[in-house]
Amino acid sequence: MKRSRLLTLLVGGVFCLAVMSLYRMLELMQGAEPQPRRDAPDEQDLSRLQQKIDRLERLLSDNNRLVARLRDSLLQHKASWERGGGGANVSSDSTHSQALLFPDANSRNVKYRLSALQLLDVYDLLPFDNPDGGAWKQGFEIGYRGDEWDEQPLELFLVPHSHNDPGWLKTFDGYYQDQTRHILDNMLQKLSQDHRRKMVWAEISYFSKWWNDIDDQKRATVKRLVGAGQLELVTGGWVMADEANSHYFALLDQLMEGHQWLHRHLGVTPSSGWAIDPFGHSPSMTYLLKGAGLQNMVIQRVHYAVKKHFARQQTLEFLWRQTWDSSPRSDITCHMMPFYSYDVPHTCGPNPAVCCQFDFHRLPGRRVFCPWRVPPQPITDQNVQERALLLLDQYRQKSQLFRSPVLLVPLGDDFRFVETSEWDVQFTNYQKLFDYFEQHPELHIKARFGTLSDYFQALHRRLGAAGTSLPTLRGDFFTYADRDDHYWSGFFTSRPFYKRLDRTLEATLRATEILFSLTLAEMRRFGADGRPDARFPARDHFRRLTVGRRNLGLFQHHDAVTGTGRDPVVVDYGTRGGAYCTSNPNPSKGAGLTVFPTINNQYPDYRIRVLIIDCFRSLIVFNPTEQLQTSVISVTVDSPDAHVVDAETGRPMAAQISAAWVEPSQVSTEMFQVRMSSSMGLLIGSVIGLLIGSVIGLLIHVAVALLRGRTSSSVLRLPSGRLQQLQVQFLWYGTRTGTNQEKSGAYLFLPGEDGPQVKSPLVRVSRGPIFSDITSCFQHFTHTVRLFHLDGHAGKSLEISNMVDIRSEVNRELVMRFVSDVANGNRFYSDLNGFQMQQRRTLLKLPLQANFYPMTSAAFLQDSGSRLTLLSAQSQAVASLRPGELEVVLDRRLQQDDNRGLGQGITDNKLTASLYHLLLEDRRGGAQEVGGATVEHLSLLAHLTSLSLSHPPITMVAPSDSQLPKLRPFLPLRLSLPCDIHLLNLRTLEDTQVRSTPGDTPLKHLSDVSCWSWTTGRVNLEDLFSPLRFRSVRHSSLTLLHDEPESAWQPQRITRLRPMEISAFRVQLD
């Protein structure tokens, strides 16, 4: 306590000294100013006044930076004392404090350990003032003495790379034909010419396509380069995935597809991640990378103010830890690139005008040039000294931002090294510079080409030798801003049609994976020598399954699911996804069933149409979740006289027949909606019959009225008896106006004044035994609120659906806002990739667009007594701009480009559906504290509701062929899984002989859910999946590249599942 008080007094004294110094400087300024003559002109007086104001602004800016650093230091010292028991781990001298406040070259030699960093606290501290930093516009001037590397020479790794988007301005195939295949062809030739040359490659979607095009001799060369360490495959994912919109199922699936391909063809196990272009970064992705066996990673697109803060504190390299994890088990070493971009002008050092002179692809006469109007020079014997010293100065300045004298400098940009001449000018000129450094040891630098593995091995070696520890960090890096108030929160919603398509493809793929794996195991019972029955087309089905995996993986690219590609590229993505679903016969398509029609201007109609031309049609309904649940199945029929029976027993089932609407007030006379409730266990395929005859159930009553208002409001009663006000509003955001102002586009959200509120709607009210709903028909959208009269979690939430069409609008964005009396203050929670919940803080010092965050599947507000949860079937932007409010952006139509390279606006809007469930719950108990921050999770009810929303029942229509055998229910498992375990997938791996069924079974154990007796978190897998039998089971990494030996398992197949962890198992079904 005494030390804490002394620290407070010390920091307070330094602050007072700074204020007094500022006052004295102002006083000296005033005294130094010559007194103007009484007859001096007014212009001189105004000029002097302007100069004094400018000086005062600079002094205030410097003082603000000093105060911010003082606050940082105080928090760090306070946390260190609290964690270390009174400061036992902190040096008693002032060196540590000075190093924190004023980092310089000596600070890397000080052995200290910072407390865990919380990004939420960093955001609270930062002033976001963005002063001009000089050569490094968004940073600060960097200085050094020159003798800092005398004892530990600077060790530099120049890492050649080419960032190849699998679709952006061109389609995936267009980029491959025009650029990517040439880059990889040249790579083989140029790396083979000199063993000192190296390169990294990330996008396995391209690499695998190129591999299929080359001969065996070139493949052997690739393997030799990989084995020699000249070529490193980094991350190993199918794409460099978006981390804001993608669900963790899809993130892991594309990572597994890439890793399995690498292991199968090259025997490669990636160890380092490379994410230089996703628009913000999520800890969910780092968890998956660490679980897949990666130890290190590099990120780039982080808010420029956060980068500046981390650079001052020398925390650009850190151990990224999960917010819910109190142990270092999930830690991964992360390197944050400090400057504006990943291109050459912004990677060698803080001055882009200098760094651009060392991008030799920009030599005079080539296709690109330096915008700073100082071109590169070829390196010769005459200029090598001057050029080397100029480059070394940049390297040394950049090195000052890190704790270790090991420096990573990328060399590349988008689609680089297409021409052989670029390889020559880059490698030849840099090698001359490196040779000069080697010939002059007095410069204390060792520079060479390298890979990420080379860099991180040297980094960990140096850190270990110096006894230096990296700080730990918790949190995410959203929302990203690259300059000024240009926040990239627009892409959270851009092209919502395709974001919904992505999640539907994901659900379809998962259901298909599970059905295929179970069916393949069943078919082995009828085959010989462990092979499936010859009549079962396993190879054809697996080929289609692989196409689906890769199309879903391709769509996770950070210019695909984000909605930031050009119009033809987006159509290509959608067509690939739709083609998979329409060509896959099991389970996505049956006679009379099409899940995805051709992508056109209309939203795909997911309702299943059944023509009851006979007296009986069978529906097969598959529950892809691991829980017993009561769900509503919906089909469209051509007769109002249909009724529903259980096909096995012939017993009638409760059903509700509704009108199908062709206009807001016009009912179809040809089609009718039939909705029935069905209770299904885990992975059960139920058979339902549709017959023509007397109606079983109640024909709904419909009332049409005009609502005189713009919002709907209600009072809800919680189970505790507490009443909660809730209102739904719809409003518009416009974009900025003015000829010289930047405007919203595919990436950016730059709102102007709010547009007019929506007009009064036409309202339909429906009532029936299965559900009741209210539909409001507005000019640009239809809004339906539905309550299901069911037992279980399905009957405890409100289903909210919208059908939006804003194709007639210009530069407008439609928002749905919930207004409640939940007293959440400035805090709310949104999910990260459907994997975890992240606390958000609405900060008044930030512009409106900065307070929007990605929501993949859930967001909630809460106070001490209640919680309002919104669960979503698609990703989009979410915000809580005022207490009690939660709003989501439904669609955006923007006519102009936002100057981030796309070259167009977003005007390809479609009739787009969005689906939600709204929960209002009592809240009991406090939140969990981990690492000094509040950690919250979805409730059990919200989890189960979200699961059924993301993975709805799959409905198939059996052919009307009387020769088919009688269909029976399929029950692969005896019981539902415990409610705190989620079966992520049951994925069949490629087996050329198709002799067995090796599969990947990832299980996620949820946190803060109590429904099973978890005394030690141990579970018997054979009991869990009974009556399925496992021939073998091995615990593995998440992408199945690192297996535990089977001898480590107990005979009963017992494993431990930790809360929030994903565990993967390589199994063979018997």
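Contact means heavy atoms within 4.5 Å. The model is predicted: local features need pLDDT of at least 70, side-chain atom pairs count only at pLDDT 80 or more, and totals for chains, interfaces and linings use all residues. Residues are numbered from 1 along each chain as its sequence is written, and side-chain values use heavy atoms, with hydrogens and water left out.

**Exercise 1.** List the residues in contact with F310, leaving aside its neighbours within four places in sequence, and place F310 in its core.

Solution.
Step 1. The contacts of F310 beyond those neighbours are L117, L119, V122, T315, L316, F318, M336, L473 and F477.
Step 2. A nonpolar core is a set of buried Ala, Val, Leu, Ile, Met, Phe, Trp, Tyr and Cys residues joined through side-chain atoms within 4.5 Å. Buried means under 20% relative accessible area, exposed over 50%, and partly exposed in between (1.4 Å probe, protein chains only).
Step 3. The largest nonpolar core has 192 residues, and F310 is among the members that touch the most others, with M187, F207, Y395, Y430 and F477.
Step 4. Another core, of 25 residues, lies apart from it and includes F622, I981, F1065 and L1069.

**Exercise 2.** Determine which side chains of β10 are buried, and which strand pairs with β10.

Solution.
Step 1. Strands (E, at least two residues) are DSSP runs, numbered from the N terminus.
Step 2. In a regular strand the side chains alternate between the two faces of the sheet.
Step 3. In β10 (residues 445-449), I445, A447 and F449 point to one face and are buried, while K446 and R448 point to the other and are not.
Step 4. Two strands pair if DSSP finds at least two bridges between them. β10 pairs with β2 (residues 154-163) in the parallel sense over five bridges, and K446 has E155 opposite.

**Exercise 3.** Describe the burial and the partners of β35.

Solution.
Step 1. In β35 (residues 866-872), seven of seven residues are buried.
Step 2. Both faces are covered, with S866, L868, L870 and S872 on one side and R867, T869 and L871 on the other.
Step 3. β34 (residues 858-862) runs antiparallel to β35, joined by five bridges; L861 stands opposite L868. Three residues separate these two strands in a hairpin.
Step 4. β38 (residues 912-922) also pairs with β35, antiparallel over seven bridges, and Y916 is the bridge partner of S872.

**Exercise 4.** Give the strand order and the edges of the six-stranded open sheet.

Solution.
Step 1. The order is β1-β11-β7-β8-β6-β5, with mixed pairing.
Step 2. The edge strands, each paired on one side only, are β1 (117-118) and β5 (272-275).
Step 3. β5 runs parallel to β6 (residues 296-299) over four bridges, where W274 has V298 as its bridge partner.
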